[in-house]
Amino acid sequence: MEKYYQKELETMPREELKKLQSEKLVKQVRHAWDNCPDYRKKMEEAGLTPDDIKGIEDLHKLPFTSKDDLRDNYPFAMLAKPLADCVRIHSTSGTTGKRVIAYYTADDIRMWDECCARSLAAAGATREDMVQVSYGYGLFTGGAGFHGGSHLLGSTTIPMSSGNTDRQLQFMVDLGTTVLCCTPSYAAYLGETIKEKGIKNDIKLKAGIFGAEAWSEEMRRDIQEALGIKAYDIYGLTELSGPGVAYECSAQSGMHVNEDHFIAEIVDPETFEPLPAGSKGELVFTSLDKEAMPIIRYRTKDICVLSDEKCSCGRTFIKMAKPMGRSDDMLIIKGVNVFPSQIETVLLNNGYQANYQIIVDRVKNTDTFDINVELTPDKFTGNLGDISKKEKELVLALKSMLGIMANVHLVPPKSIARSEGKAVRIIDNRKI
Ligand code: DLL
């Protein structure tokens, strides 16, 4: 039977939900205008005041917010509450330049924890479960989000954080962990190690909640098999709170957006025009309840599709598909758009695992495109002719998916460094 954490909200009739969103949007926009100079300036430039926003039908009038806006206002200018009212911060993993800092009041933390509790409940977790949180703890939101959600649900929380695989497995076996939360690449690695150690029968896991990076349906299949579980996806970003902006249910066919807290839109990445459900485009979110850092029409750069089809789980929240890549991690190689998730699909469909690295460079004004792919122990025969044949097969399979040729190098098992957090899939050495 389907489990919910807040059934009334999660299964609310859509008409009521839209009314609730409208009321909350009006207040959230007023809050941003009153307290964040940047939002006020952008609205004034667009000729708007909060009186122009009467409900969700006016959402499209509002200007977008980008990561650069948040960086430019580092460290305090996006704060809409006195610092004394904030109880915590988190921050995005460092790219170049300034980090984005997210601020939380106690109520913001409560809302976020509830979102994570909804995800855990949808994966079947109850107070009887032992939840091993193997996302990183610290500035990254993964550890803290699941930790809070598991507490609210009343499950027993093991705050493992990432890394130290031997210790992870020892706790998993000795305590009988039933729910695992970590990145999908780490889940796959744990699965590999369990197989190597021959301890699958000692593992009591029944479900796993994996997110924070792209993973394919084929990878889900492999993880489910290796760990003997049902694997659920979860989506989120620091700017909006962390994990739990959207979460998967028993149908495992997309993630329900927590629409009582966030409005999702899909826009054309070039014209920024809103697109109807079913269209592929950039995912944009507006927060409805955030106190410390309201977020208006935030461009995530995640390329995605929304679906308003009825779900068998009874939830009425719309669903987002697995993100198909980011408009900014999309590689353009020899003029062709390449998503790492496409490469992953080819590898998994051809019996390889998702242990690969894409290396892009530019030599004499021409892009080079190399993919190192780890052999699985059963494919690693050590016979050079055999390896070269397998490389050629992969080149052809990739060509038919991507439309361009890659130089494929099969490398020995375990030769690509494993990640305890998000896997490093792309090395782009081009200086463009
Ligand atoms: O990754 C929050 C999170 C933690 C989500 C744990 C799920 C589980 P950031 O570090 O700010 O936050 O990165 C946000 O990660 O814009 C997506 O590009 C990507 N991402 C997050 N979840 C998924 C997912 C956390 N399920 C960025 N599938 C987002 C694909 C995801 N990409």
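Reader: In what order do the 12 strands of the open sheet stand, and what kind of pairing do they show?

Author: In general, the strands of a sheet pair through backbone hydrogen bonds, and they do so either parallel or antiparallel. The model in front of you is a predicted one, and in this model 12 strands form an open sheet in the order β4-β3-β5-β6-β7-β8-β9-β14-β13-β12-β10-β11, with mixed pairing. Two of these strands stand at the edges, namely β4 (156-158) and β11, and each has a single partner strand, so one side of each is left without a neighbour in the sheet.

Reader: How many bridges join β10 to β11 at that end of the sheet, and in which sense do the two strands run?

Author: There are 2 bridges between β10 and strand β11, which covers residues 274-275, and the two strands run antiparallel. You can find the pairing by looking for valine 267, which stands opposite proline 274 in β11. The hairpin of β10 and β11 has 6 residues between the strands, and in this hairpin phenylalanine 272 takes a positive phi near 65 degrees.

Reader: Which strand pairs with β10 over 6 bridges?

Author: That partner is strand β12 (residues 280-287), which pairs with strand β10 (residues 262-267) in the antiparallel sense over 6 bridges. Here alanine 264 stands opposite phenylalanine 285 in β12. Elsewhere in the sheet, β13 is joined to strand β14 (residues 319-320) by 2 bridges, again in an antiparallel pairing, and leucine 306 stands opposite methionine 320 in β14.

Reader: In which sense does β18 pair with β17, and in which sense with β19?

Author: Strand β18 shows both kinds of pairing, and we can take its partners one at a time. With strand β17 (residues 356-363), strand β18 (residues 366-374) runs antiparallel, and 8 bridges join the two. Tyrosine 356 has valine 373 of β18 as its bridge partner. The hairpin of β17 and β18 has 2 residues between the strands, and lysine 364 takes a positive phi near 50 degrees there. With strand β19 (residues 407-411), by contrast, β18 pairs in the parallel sense over 5 bridges, and glutamate 374 stands opposite valine 411 in β19.

Reader: If we step back to the whole chain, how many helices and strands does the protein have?

Author: The protein has 11 helices and 20 strands. Its radius of gyration is 22 Å, close to the 22 Å that the globule rule gives for 432 residues, so the protein is as compact as a globular protein of that length. Along the principal axes, the C-alpha trace spans about 70 × 60 × 40 Å. Of the 432 residues, 44% are buried, and among contacts with a separation of 6 or more, 67% join residues that are 24 or more positions apart.

Reader: Is arginine 30 buried or partly exposed?

Author: Arginine 30, which is found in helix α2 (residues 14-35), has 15 C-beta neighbours inside 10 Å and therefore counts as partly exposed, since a buried residue would need 20 or more. From arginine 30 to valine 267 the separation is 237 residues in sequence and 24 Å in space, C-alpha to C-alpha.

Reader: Which domains does the assignment give, and how many residues of each are in contact with the other?

Author: The assignment gives domain 1 (7-327) and domain 2 (333-428), and their C-alpha centres lie 30 Å apart. Between them, 17 residues of domain 1 are in contact with 15 residues of domain 2. On the side of domain 1 that touches domain 2, the elements giving two or more residues are α8 (184-197) and α9 (217-227), and α8 gives the most, with 4 residues. The residues of that side divide into 7 nonpolar, 7 polar and 3 charged.

Reader: Which of the 22 residues around the ligand come nearest?

Author: The nearest of the 22 are Gly142, Gly211, Ala212, Thr238 and Pro243. The elements that give two or more residues to the shell around the ligand are α6 (141-153), β7 (230-237), β8 (242-248) and β13 (298-307), and β7 gives the most, with 5 residues. By type, the shell divides into 8 nonpolar, 9 polar and 5 charged residues. This brings us back to where we began, for β7, β8 and β13 also appear in the order of the open sheet.

Conventions
Residues are numbered from 1 along each chain as its sequence is written. This is a predicted model: local features need pLDDT of at least 70, side-chain atom pairs count only at pLDDT 80 or more; totals for chains, interfaces and linings use all residues. The radius of gyration is taken over C-alpha atoms; the globule rule is 2.2 Å times the number of residues to the power 0.38. A residue is buried if 20 or more other C-beta atoms lie within 10 Å of its own, exposed if 12 or fewer, and partly exposed in between; C-beta atoms are placed from the backbone. Two residues are in contact if their C-beta atoms, placed from the backbone, lie within 7 Å. Domain bounds come from an automatic or database domain assignment. Ala, Val, Leu, Ile, Met, Phe, Trp, Tyr, Cys and Pro count as nonpolar, Asp, Glu, Lys and Arg as charged, and the others, Gly among them, as polar. A residue is near a molecule or strand if its C-beta atom, placed from the backbone, lies within 6 Å of it. Two strands pair if DSSP finds at least two bridges between them.
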